[in-house]
Amino acid sequence: MTLVFVKFVHYLAIVFSGGVLVGGGVIQSVYTKANQVPDSITAKILKLLGYIGLISLVILWISGIILSINLYGGFIINSAFTIKIVAAGLLLGLSAFINFHVFNSSKNNIPPNKTIMKIATMSGRGLLLIILITAAIAFS
Ligand code: HEM
């Protein structure tokens, strides 16, 4: 029963991290296409989305570690799973870096670097896709 709950938490965190990537990406691309910088309210929304993304990734790691140990006795499950956790580690690092960058920019009253944000959003989507594909393969 407890593990069912942990699994539910894992899935809920997936919804949040994916939602942040899609929602934040759409907001950013609309602004980029209009060649405008997000106003202060939208910048606050993007900052909040960034925090939610980072927190959901931390929750994914905590619940994922609990599931791996209890269901499979550790982290050596198969090669697809290894790719999944390497990609999940990269995504966690990327999210932490972006939160740091956005935090620093807002502290200095400048908008976040457009190129960094674009590359990060694209890499984030790619990594999430890899994680979902390798999760499907690992547990099929
Ligand atoms: C962005 C990060 C992550 C995403 C998007 C993600 C996604 C998923 C998905 C979609 C599944 C369901 C697969 C299935 O049942 O067919 C799953 C299951 C699982 N995940 Fe993750 N995961 C992430 C991070 C992690 C991490 C970091 C770990 C371990 C350190 C982990 C461990 C597990 C385990 C053990 C299961 C299998 C549970 C079972 O057998 O039912 N996950 N994950």
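Here is a short chat about reading the ligand shell, a helix pair and one residue in a predicted model.

User: Let's start with the ligand. How many residues surround it, and which are the closest?

Analyst: With a ligand, begin by listing its neighbours. Here 21 residues surround the ligand, and the closest are Gly64, Leu67, Ala88, Ala135 and Phe139.

User: Which helices supply that shell, and which gives the most?

Analyst: Go helix by helix. At least two shell residues come from each of α1 (2-33), α2 (40-72), α3 (79-107) and α4 (114-138). The top contributor is α2, with eight residues.

User: What classes do the shell residues divide into?

Analyst: Sort them by side-chain class. Around the ligand you'll find 16 nonpolar residues, four polar and one charged.

User: Now the helices themselves. At what angle do α1 and α4 pack?

Analyst: For a helix pair, look at angle, distance and handedness. The angle between α1 and α4 is about 145°, and their axes are 10 Å apart. Their crossing is left-handed. On the α1 side, the contact is made by Gly18, Leu21, Gly24, Gly25, Gln28 and Thr32. From α4 come Lys114, Met117, Thr121, Gly124, Arg125 and Leu128. By class, that contact has three nonpolar, seven polar and two charged residues.

User: One last residue: is Met122 buried or exposed, and why?

Analyst: For a single residue, count the C-beta atoms around its own. Met122 sits in helix α4. Met122 is exposed because just 11 other C-beta atoms lie within 10 Å, and exposed means 12 or fewer.

User: And how are Met122 and Val86 separated?

Analyst: Check both chain and space. Met122 and Val86 are 36 residues apart along the chain, with 17 Å between their C-alpha atoms.

Key. Residues numbered from 1 in each chain as written. Predicted model: local features only at pLDDT ≥ 70, side-chain atom pairs only at ≥ 80, totals over all residues. Near = placed C-beta within 6 Å. Helix = DSSP H or I, 4+ residues; strand = E, 2+ residues; numbered from the N terminus. Nonpolar A, V, L, I, M, F, W, Y, C, P; charged D, E, K, R; others polar. Axes fitted to C-alpha atoms, helices over the stretch in contact; angles between N-to-C directions. Left-handed = near helix turned anticlockwise from the far one by under 90°. Contact = placed C-beta atoms within 7 Å. Buried ≥ 20, exposed ≤ 12 C-beta atoms within 10 Å, placed from the backbone.
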